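Colleague: I have this model open and would like to learn how to read its strands, helices and contacts. Could you take me through them?

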Amino acid sequence: MDDGKTVTARIISCIGGRYTVDTDGGERISNIAAKGTFRHEKLKPLPGDTAELRHDGNGYFITGIRERRNSLIRPALANLDILFVLQSCRTPDPVPGFIDKITVICEKNGIKPVIVITKSELDRETADGISRVYEKCGYDSFAVSAETCEGVDTLRRYIRSEKNVICAFCGASGVGKSTLLNALYPDMRFDCEVGDISRKTERGKNTTRAVTLYAAENGSYIADTPGFSLLDFEKFDLCGKDELPFMFPEFSVYLGKCRYTKCSHTKEDGCAIRNAVSDGDIPESRYESYLSLYENVKNKKEWDK
Ligand SMILES: Nc1nc2c(ncn2[C@@H]2O[C@H](COP(=O)(O)OP(=O)(O)O)[C@@H](O)[C@H]2O)c(=O)[nH]1
Ligand SMILES: [Mg+2]
Ligand SMILES: [Zn+2]
């Protein structure tokens, strides 16, 4: 393919400014650079991007990327379809609000969040309880254990049923992302190390490890991501306060039914959302997250992403 024609390819990793891609023709090409002029634009090609490649006689280089559906800064990924949000029911204990902040980011970016409660064998009741909260909100939700393999087959079937999607596993360090991925795909080696819960103390310089997409079945790609804390998401401007209620799918049937048209759903009387929480129709933990995010965003006039 040395004819100067443009070839499109999926970027699957970027390490030290060198890209590995899968071409539409099914060829894997490594060690590709992005062309100089392209680098001057602020856009940095990310795993998940559809890249345009040209061959200059010596080798391929990236000349551009196709318009993205979405992009996340950390984990650095573009065109994500599904984000599996992992949270362990024990060790580490669930962090209130963690999943909800991510579902809001997903809603905002057109990404489908799927909730996975890990280490279910340690506390089945808590695992099932959290899982049910998200089912109630309309999300696909699973309780799994890589230790006993409970729920692993179900989750594998679920991932297989989605075709040609880009997925990533995310969640705090130590919740069991790498272990679960290796249980789901025993033939692949996910190389974000297993066991980095013990490395929490040496956080700092070394935290940005590369995100790599692995080719799974059905034309899908799946990424492990290095552990991150909720703090990494503070960089995101979530959305404006007026938009926030729409990022909670379980609110949707009540919106427009409050006494006041400009109801913030935080303390007003006659608020349909607050009534639904009292009636047990909206999970309390989700509403708590709404209130806390509302506090974060209420003073912002505009939001850029
Ligand atoms: N009890 C229990 N421990 C698990 C399970 N899955 C993973 N672990 C342990 O949790 C720790 C962190 O797992 P790891 O996959 O590295 O987490 P990651 O940082 O999210 O990738 C390791 O010590 C694993 O052995 C599970 O289903 N049950
Ligand atoms: Mg890991
Ligand atoms: Zn209201």
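Colleague: Which order do the strands of the open sheet of 6 strands have?

Modeller: A sheet is read strand by strand, from one edge to the other. In this predicted model, the open sheet runs β10-β9-β8-β11-β13-β12, and its pairing is mixed.

Colleague: Which are the edge strands?

Modeller: An edge strand is found by looking for pairing on one side only. Here β10, residues 141-143, and β12, residues 212-215, are the edge strands. Direction ignored, neighbouring strands in this sheet are turned against each other by 25° on average.

Colleague: How many bridges join β8 to β9?

Modeller: Strand β8 (residues 82-88) and strand β9 (residues 112-118) are parallel and joined by 7 bridges. To find the register, look at Ile82, which has Lys112 of β9 opposite.

Colleague: Which helices lie across these strands?

Modeller: For a helix, ask what it lies across and at what angle. Helix α2, residues 98-109, lies across β8 and β9, at about 175° to β8. Helix α3, residues 124-136, lies across β8, β9 and β10, and runs at about 175° to β10.

Colleague: Now the start of the chain. How do β1 and β2 run?

Modeller: Strand β1 (residues 7-15) and β2 are antiparallel, with 6 bridges between them. They form a hairpin with 2 residues between the strands, and Gly16 in its turn has a positive phi of about 55°. For the register, Ile11 has Val21 as its bridge partner in β2, while Arg10 is bridged to Asp22.

Colleague: What else pairs with β1 and with β2?

Modeller: β2 pairs with strand β3, residues 28-34, in the antiparallel sense over 3 bridges. In that pair, Tyr19 is opposite Ile32 of β3. This too is a hairpin, with 4 residues between β2 and β3, and Gly26 in the turn has a positive phi of about 90°. β1 also pairs with strand β4, residues 50-55, through 4 bridges in the antiparallel sense. Ala9 has Ala51 as its bridge partner in β4.

Colleague: Let us take one residue. Where does Asp22 lie?

Modeller: Asp22 belongs to strand β2, residues 18-23. Its C-alpha atom is 5.2 Å from that of Arg10, although the two residues are 12 apart along the chain. Beyond residues up to four places away in sequence, Asp22 touches Ala9, Arg10, Ile12, Arg28 and Ala215.

Colleague: Why is Asp22 called partly exposed?

Modeller: Burial is read from a count of C-beta atoms. Asp22 is partly exposed because 16 other C-beta atoms lie within 10 Å; a buried residue would need 20 or more, and an exposed one would have 12 or fewer.

Colleague: How many residues has the largest nonpolar core?

Modeller: The largest nonpolar core has 70 residues. Those with the most contacts inside it are Leu77, Leu83, Phe84, Val85, Val116, Ala168 and Ala223.

Colleague: Which residues is Ala223 in contact with?

Modeller: Sequence neighbours within four places are set aside for this. Ala223 then has contacts with Pro47, Leu77, Ala168, Phe169, Val211, Thr212, Leu213 and Tyr214. Leu77 and Ala168 are also among the core residues with the most contacts.

Key:
Residues numbered from 1 in each chain as written. Chains lettered and ligands numbered in written order. Predicted model: local features only at pLDDT ≥ 70, side-chain atom pairs only at ≥ 80, totals over all residues. Contact = placed C-beta atoms within 7 Å. Core = buried A, V, L, I, M, F, W, Y, C linked by C-beta atoms within 7 Å. Pairing = 2+ DSSP bridges. Axes fitted to C-alpha atoms, helices over the stretch in contact; angles between N-to-C directions.
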